[in-house]
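Biologist: I'd like to learn how to read a fold on screen. Could you walk me through it, feature by feature?

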Amino acid sequence: MNYKQDQLREFQKCCDLKKGPLYFMEEFMKIQHPTRGGISFEPYDYQLDLIENYNNYRYSINMLGRQMGKTTVAAGYLLWYAMFKPDSTILVAAHKASGSNEIMQRIRYAYENIPDHIRAGVAEYNKGSITFDNGSRIVSSTTTETTGRGMSLTLIYCDEFAFVRNTIAKEFWTSLSPTLATGGKCIVTSTPNNDDDQFAMIWQQANKMFDEHGNAKEVGINGFRPFIAKWDEHPERDEAWATQERNSIGEERFRREHD
């Protein structure tokens, strides 16, 4: 196709490794709202911070409550990463097949609604994987002890990692470590589950952000940057919503699912 000057400028803004993800998602990403149908993505304030955490740190761990839009943000960021960072291999690892399928479905929906002058071409387009003509690919899988083993990964996205069975999560994390040690980027996102699972261990180490002299650091002792967003940061939720939810599921479950 022949590009117009304004199209080239838009494409160039998407290529910006610092500001490109947010520009791409705000300007060109479409999402499927459960009641309003297909709409443009308009991130809330905490989602802006989440995108920044994904992009600015090699390792990030992100704790969010239920239905906070974390899957939407992940789909947009992973799609941008694949299209604007050539020759990247991205692995989406979810605790269930339905979780990885959901992320891939949102990626495909966003991809199919991008203007032609922004959209990268694809060589293969399947339910569980997409291969782009720039050499990048996105592959989805359930999290097992051997997921990702033998692959040269550029980025791994771990979805709802706190709900992976702990024996599997530990073996998976052990097999993943060599990939991360050679330059891979890792994003872990989940609602919390227990206090002693693999997600909790990574989270606790990420929050130890002081060196031996007591000076604050940007990342924890394991190299991860922590981020948290609770229910009251969602602009459509208030105390009346919280009271109804507490009455429905109980205080303990509310703290785990939303706080």
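**Reading strands, rings and cores**

Modeller: Sure. Keep in mind that this is a predicted model. Let's begin with strands: look at what covers them and what they pair with. In S3 (residues 59–64), 6 of the 6 residues are buried.

Biologist: Which residues of S3 point one way, and which the other?

Modeller: Tyr59, Ile61 and Met63 take one side, while Ser60, Asn62 and Leu64 take the other. Both sets are buried.

Biologist: Which strands does S3 pair with, and in what sense?

Modeller: S3 runs parallel to S9 (residues 185–190), with 5 bridges between them. With S10 (residues 225–229) S3 also pairs in the parallel sense, over 5 bridges. To find your place, use a bridge partner as a landmark: asparagine 62 stands opposite threonine 189 in S9, and leucine 64 has alanine 229 as its partner in S10.

Biologist: Let's zoom in on one residue. Why does isoleucine 61 count as buried?

Modeller: Residues under 20% relative accessible area are called buried. Isoleucine 61 is at 0%, so it counts as buried. Next, check what it touches beyond its sequence neighbours (up to four places away): the list includes Val188, Phe199, Trp203 and Phe227. For contrast, pick asparagine 134, which is 73 residues along the chain from isoleucine 61: their C-alpha atoms are separated by 28 Å.

Biologist: And serine 140: where is it, and is it buried or exposed?

Modeller: Serine 140 is in strand S7 (residues 137–142). Its relative accessibility is 15%, so serine 140 counts as buried too. Beyond four places in sequence, serine 140 is in contact with Val92, Ser100, Met104 and Gly128.

Biologist: Now the rings. How many aromatic pairs does the structure hold?

Modeller: There are 19. For each pair, read the distance between centres and the angle between planes. Take tryptophan 241 and phenylalanine 254: this tilted pair has 6.2 Å centre to centre and 55 degrees between the planes. Tryptophan 241 belongs to helix H8 (residues 239–249) and phenylalanine 254 to helix H9 (residues 251–258), 13 residues apart, so the pair links distant parts of the chain. Tryptophan 241 is partly exposed at 23%, whereas phenylalanine 254 is buried at 0%.

Biologist: Which charged residue lies over the face of phenylalanine 254?

Modeller: Arginine 246, at 4.3 Å from the ring centre. You can find another such case at arginine 119, whose charged end sits over the ring of tyrosine 111, 5.5 Å from its centre. Rings can also join into groups: ring pairs link a cluster that includes Phe11, Phe24, Tyr77, Trp80 and Tyr157.

Biologist: Last topic: cores. What's the general idea?

Modeller: In soluble globular proteins, nonpolar side chains tend to be buried together. Here the largest nonpolar core has 44 residues, and Phe24, Leu79, Met83, Ile107 and Phe132 touch the most other members. Among the elements supplying at least two residues each are helix H2 (20–28), helix H5 (97–112), strand S4 (89–94) and S10.

Biologist: Which element gives the largest share of this core?

Modeller: H4, with 11 residues. Click on methionine 83 to see how such a residue is surrounded: beyond four places in sequence, its contacts include Phe24, Tyr111, Ile118 and Phe132. There's a second, separate core as well, with 24 residues, among them Met63, Ala93, Ile156 and Trp173.

Key. Residues numbered from 1 in each chain as written. Predicted model: local features only at pLDDT ≥ 70, side-chain atom pairs only at ≥ 80, totals over all residues. Heavy atoms only, no water. Buried < 20%, exposed > 50% of the residue type's maximum accessible area, 1.4 Å probe, protein only. Helix = DSSP H or I, 4+ residues; strand = E, 2+ residues; numbered from the N terminus. Pairing = 2+ DSSP bridges. Contact = heavy atoms within 4.5 Å. Phe/Tyr/Trp six-rings, centres within 6.5 Å; stacked < 30°, edge-to-face > 60°. Lys NZ or Arg CZ within 6 Å of the ring centre and 35° of its normal. Core = buried A, V, L, I, M, F, W, Y, C linked by side-chain atoms within 4.5 Å.
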